[in-house]
Amino acid sequence: MGSKMKSKFGGTCTECGTTWKEGDEICYSKDQGQNGSKIVCSDEKCAVEQGWKLSEQKPFFNKGGGGSSYQPRPVKTIEQKIGEVDIAYNRSMALLKDFTTKCGSLDAQQSAIFVESMTRTMIQA
Ligand SMILES: [Zn+2]
């Protein structure tokens, strides 16, 4: 993991001989060099030549999403909802008619239950 940081100590690069003092910005990596060796140099070009690469910062927008691409459902207006209910209700009535034609008539209460459950099913779909 490579990063840029303010040096806590002065030092000298073993590769290019550049020196830096405490507080200077240095390129630092504890495991990007050859055989997982440490890279530290105040000269970014030198550090990169040694294999240093700035680690990508992890984005912080996954709040509570667990990393998934969660997208909220689009919010529907009340008119859209009413429109959907109308369509679902009409379909349910058509299904009820079909059902009673094939299976015999239902009383009002059974019809209401049938239409209500069909309408709900269709709206949720
Ligand atoms: Zn160097």
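1. Axes here are lines fitted to C-alpha atoms, for helices over the stretch in contact, and the angles between them run from 0 to 180 degrees between N-to-C directions. With that convention in mind, this note concerns a predicted model, in which the axes of helix α2 (residues 78-103) and helix α3 (residues 108-124) come within 8 Å of one another and cross at roughly 135 degrees. Because angles over 145 degrees count as roughly antiparallel and those from 65 to 115 as roughly perpendicular, α2 is classed as oblique to α3. The handedness of this crossing is right-handed.

2. As for the overall layout, the protein chain contains 3 helices and 5 strands, and a reader who follows the sequence meets them in the pattern β-β-β-β-β-α-α-α. The chain has 125 residues, of which 11% count as buried. Among contacts in the chain with a separation of 6 or more, 40% are made by residues 24 or more positions apart.

3. The residues where the two helices meet can be listed from either side. On the side of α2 they are Glu-84, Val-85, Ala-88, Tyr-89, Arg-91, Ser-92, Met-93, Leu-95, Leu-96 and Phe-99, and on the side of α3 they are Ser-111, Phe-114, Val-115, Met-118, Thr-119, Met-122 and Ile-123. Sorted by class, this contact of α2 with α3 is made up of 12 nonpolar, 3 polar and 2 charged residues.

4. Helix α2, taken separately, has 26 residues and spans 36 Å from its first C-alpha to its last, which is close to the 38 Å expected at 1.5 Å a residue. The helix is hardly covered, given that the count of buried residues among its 26 residues is 1. Just after α2 comes Gly-104, which takes a positive phi of about 100 degrees.

5. Helix α3 has 17 residues, and the distance from its first C-alpha to its last is 24 Å, close to the 24 Å expected at 1.5 Å a residue. This helix, too, is hardly covered, with a count of 1 for the buried residues among its 17 residues.

6. Three pairs of residues give C-alpha distances between α2 and α3. Ile-87, which is placed in helix α2, is 35 residues from Met-122 along the chain, and their C-alpha atoms are separated by 9.0 Å. Ser-117, in helix α3, has its C-alpha 8.6 Å from that of Ser-92, although their positions lie 25 residues apart in the numbering. Ala-112, also placed in helix α3, is 19 residues from Met-93 along the chain, with 9.7 Å between the C-alpha atoms.

7. How exposed these three residues are follows from counting neighbours, where a residue is exposed if 12 or fewer other C-beta atoms lie within 10 Å of its own, and buried if 20 or more do. Ile-87 counts as partly exposed because it has 13 C-beta neighbours inside 10 Å. Ser-117, with 11 C-beta neighbours inside 10 Å, counts as exposed, and Ala-112 likewise counts as exposed, with 12 C-beta neighbours inside 10 Å.

8. In the strand part of the chain, Thr-18 deserves a look, placed as it is in the loop between β2 (11-12) and β3 (19-20). Leaving aside residues up to four places away in sequence, Thr-18 touches Cys-13, Cys-41, Ser-42, Asp-43 and Cys-46. One of these contacts can be given as a distance, since Thr-18 and Asp-43 are 25 residues apart in sequence and 7.2 Å apart in space, C-alpha to C-alpha. Thr-18 is partly exposed, because 16 other C-beta atoms lie within 10 Å.

9. A further point concerns the backbone at Asn-35, which lies in the loop between β4 (25-29) and β5 (39-41). Most residues other than glycine have a negative phi. Asn-35, however, has a positive phi of about 55 degrees although it is not a glycine. Asn-35 is also exposed, because 5 other C-beta atoms lie within 10 Å.

Conventions: Residues are numbered from 1 along each chain as its sequence is written. This is a predicted model: local features need pLDDT of at least 70, side-chain atom pairs count only at pLDDT 80 or more; totals for chains, interfaces and linings use all residues. Helices (H or I, at least four residues) and strands (E, at least two) are DSSP runs, numbered from the N terminus. Angles under 35 degrees count as roughly parallel, over 145 as roughly antiparallel, 65 to 115 as roughly perpendicular and the rest as oblique. A crossing is left-handed if the near helix is turned anticlockwise from the far one by less than a right angle, and right-handed if clockwise. Two residues are in contact if their C-beta atoms, placed from the backbone, lie within 7 Å. Ala, Val, Leu, Ile, Met, Phe, Trp, Tyr, Cys and Pro count as nonpolar, Asp, Glu, Lys and Arg as charged, and the others, Gly among them, as polar. The expected span of a helix is 1.5 Å times one less than its number of residues.
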